[in-house]
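The following questions and answers walk through a single protein chain, moving from one helix to the cores, the aromatic rings and the surface. Please keep the model open while reading.

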Amino acid sequence: MKLMGSIVQTLSILITILFLDSSIALEYPQDLNNNLYPVDDTQSTPPAEATAFPIFPASDSSPRAPALFVIGDSSVDCGTNNFLGTFARADRPPYGRDFDTHQPTGRFCNGRIPVDYIALRLGLPFVPSYLGQRGSVDDMIRGVNYASAGAGIIFSSGSELGQHISLTQQIQQVMDTFQQFILSMGEDAAYDLISNSIFYISIGSNDYIHYYLRNISNVQSLYLPWSFNQFLAQTMKQEIQNLYNANVRNVVVMGLAPLGCAPYYLWLYQSRNGQCVEMINDMILEFNFAMRFMVEELNKELLDANVIFCDAYEGSMDIIKNHDRYGFNVTTDACCGLGMYRGWIMCISSDMACDNASNHIWWDQFHPTDAVNEILADNVWSGLHTRYMREHRMEQKLDVQGCNLHIKFQTAGLRFGVQYSGGLPKFVISHICCFNKEIVAKNELFYHPYKLPSKGNKL
């Protein structure tokens with residue numbers, strides 16, 4: 001009987017997908033937007049006391065930064081895709097059920113996303129979506145969220161899902177916002193606002209989920225994982241340099257979480273006992289190494305740049321491995337979804353969701369729950385607030401306690417590279433990495449797990 005009930009439930013949900021009214025799916029819940037930022041025609045900015053939740057911390061202190069600007073993908077999208085024709089949308093229940101309004105807002109979570117917690121820590125309101133605000137400077141002066149679900153560092157990553165705003169397009173939107181600031185308040189005031197604000201970048205997952213791992217355009221035959229990671233890191237470096245040229249000085253670059261532990265890949269690879277897919281996680285580790293080194297390069301090359309890298313992989317793995325300490329009982333199954341590990345079919349109905357998301361690590365196929373987001377945001381904050389609010393040079397000491405990561409870059413004259421002599425290729429680490437306070441390597445050689453090219457080929 002239980003099996004029959006499960007089959008009936010699956011069929012009913014599949015029928016719902018097939019006959020979903022596309023015109024309704026593309027409508028944005030404007031009433032909800034008004035609840036978050038109540039519209040008052042007599043005022044240019046919504047009064048804090050009229051909001052449905054406390055958008056400022058309890059303390060009476062002034063904001064620690066003038067504004068928070070967010071660039072990224074579904075990990076930090078707060079409603080951009082509500083305005084786009086795409087399957088990558090979170091504007092239906094059960095998304096948002098544990099949010100302050102208990103309604104879907106476009107966040108890919110049951111509640112808050114990491115940048116919501118960061119904003120509160122900074123003493124700022126929840127940052128509105130670029131496509132969701134009214135376009136006035138008053139709406140954007142405390143920050144804007146440009147993130148779009150499905151977006152990647154590569155322009156076409158995630159395009160099979162429908163419309164999205166790619167990284168390059170988001171940077172252009174940032175520049176458009178800056179132009180509005182300059183026209184409204186003058187160059188000096190605008191540059192002062194921009195240079196003292198915080199820019200939070202969280203992107204890259206879709207370049208694996210919807211591009212490399214799907215072997216789009218036969219990319220795996222053109223790039224080994226390490227070369228692909230280097231390409232992504234250099235592309236990101238150029239975009240951050242573009243921001244720097246527009247007077248951006250404070251940037252937080254988030255590394256990628258362990259995608260190999262996501263319920264979708266546990267289902268796809270038929271994982272036994274919830275073991276993470278090591279091949280995918282190895283790629284993510286390499287990506288984070290490349291991004292970390294790129295950030296260290298930027299801090300040396302760009303005068304007065306304050307770029308911080310936070311390794312979400314280590315923080316997430318610490319939560320997974322020590323889940324009891326963090327209060328999580330379910331570490332492999334998503335709270336919302338169908339199939340093994342609830343990773344087969346994405347979350348599209350309240351009937352697919354668990355009763356209590358607070359004891360789950362994963363909310364849906366790829367995204368963590370509100371409870372995990374809060375922990376990760378606290379980890380970022382623990383390494384962020386002292387660096388942005390005090391005058392510490394990052395090349396003097398980069399001690400990111402966030403994400404359980406302790407790093408000190410001490411370049412030894414070598415760069416990331418590969419040695420190949422017919423055996424296993426070896427990577428040269430040119431800095432000291434300390435994971436969980438244990439020194440891993442300094443110029444140490446370690447072996448690459450992927451298939452090798454023909455002898456003599458360059459990596």
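Q: How many of the nine residues of helix α4 (residues 114-122) are buried?
A: In this predicted model, local features need pLDDT of at least 70 and side-chain atom pairs count only at pLDDT 80 or more, while totals for chains, interfaces and linings use all residues. Residues are numbered from 1 along each chain as its sequence is written, and side-chain values use heavy atoms, with hydrogens and water left out. Buried means under 20% relative accessible area, exposed over 50%, and partly exposed in between, with a 1.4 Å probe and protein chains only; helices (H or I, at least four residues) and strands (E, at least two) are DSSP runs numbered from the N terminus. Helix α4 is largely enclosed by the rest of the structure, because the number of its nine residues that are buried is eight.

Q: Which residue with a positive phi follows α4?
A: The buried residues of α4 include Pro114, Asp116, Tyr117 and Leu122. After α4 comes a residue whose phi is positive, near 80°, and this residue is Gly123.

Q: Which two residues touch the most other members of the largest nonpolar core?
A: A nonpolar core is a set of buried Ala, Val, Leu, Ile, Met, Phe, Trp, Tyr and Cys residues joined through side-chain atoms within 4.5 Å. The largest one in this chain has 70 residues, and the two that touch the most other members are Tyr208 and Met236.

Q: Which helix supplies the largest share of this core?
A: The largest share amounts to nine residues. These residues come from the helix that spans residues 278-301, namely α12.

Q: Which residues does Met236 contact, leaving aside its neighbours within four places in sequence?
A: Contact means heavy atoms within 4.5 Å. With its neighbours within four places in sequence left aside, Met236 is in contact with Ile153, Leu167, Ile201, Ile203, Met291 and Met294.

Q: How many residues are in the second, separate core?
A: Among the members of this core are Ile113, Ala119, Leu124 and Val380. Ala119 is also one of the buried residues of α4. The second core has a residue count of 24.

Q: Is Met254 buried or exposed?
A: Met254 lies in strand β4 (residues 250-254), and, not counting residues up to four places away in sequence, its contacts include Tyr200, Phe309, Cys310 and Val380. Its C-alpha atom is separated by 9.6 Å from that of Gly72, although the two residues are 182 residues apart along the chain. Because its relative accessibility is 7%, Met254 counts as buried.

Q: What kind of aromatic pair do Phe178 and Phe199 form?
A: Rings of Phe, Tyr and Trp (its six-membered ring) pair if their centres lie within 6.5 Å, and planes under 30 degrees apart count as stacked, over 60 as edge-to-face and the rest as tilted; by this rule there are 19 aromatic pairs. Phe178 and Phe199 stand 6.0 Å apart centre to centre with 85° between the planes, which makes the pair edge-to-face. Phe178 belongs to helix α6 (residues 167-185) and Phe199 to strand β3 (residues 198-202), so the pair ties together parts that are 21 residues apart in sequence. Both Phe178 and Phe199 are buried, and the pair they form is edge-to-face.

Q: What kind of pair do the rings of Tyr223 and Phe231 form?
A: Tyr223 counts as partly exposed because its relative accessibility is 31%, and Phe231, in helix α10 (residues 225-245), is partly exposed with a relative accessible area of 38%. Ring pairs link these two with Tyr208, Tyr211, Tyr212, Phe228 and Phe287 into a cluster. The ring centres of Tyr223 and Phe231 are 6.0 Å apart and the planes stand at 35°, so the pair is tilted.

Q: Where is Gln173, and is it buried or exposed?
A: Not counting residues up to four places away in sequence, Gln173 touches Tyr130, Leu131, Tyr146 and Ile165. The place of Gln173 is in helix α6, and, with a relative accessible area of 11%, Gln173 is buried.

Q: How many helices and strands does the chain have?
A: Buried residues make up 55% of the 459 residues in the chain, and of the contacts with a separation of 6 or more, 69% join residues 24 or more positions apart. The secondary structure comes to 15 helices and 13 strands.
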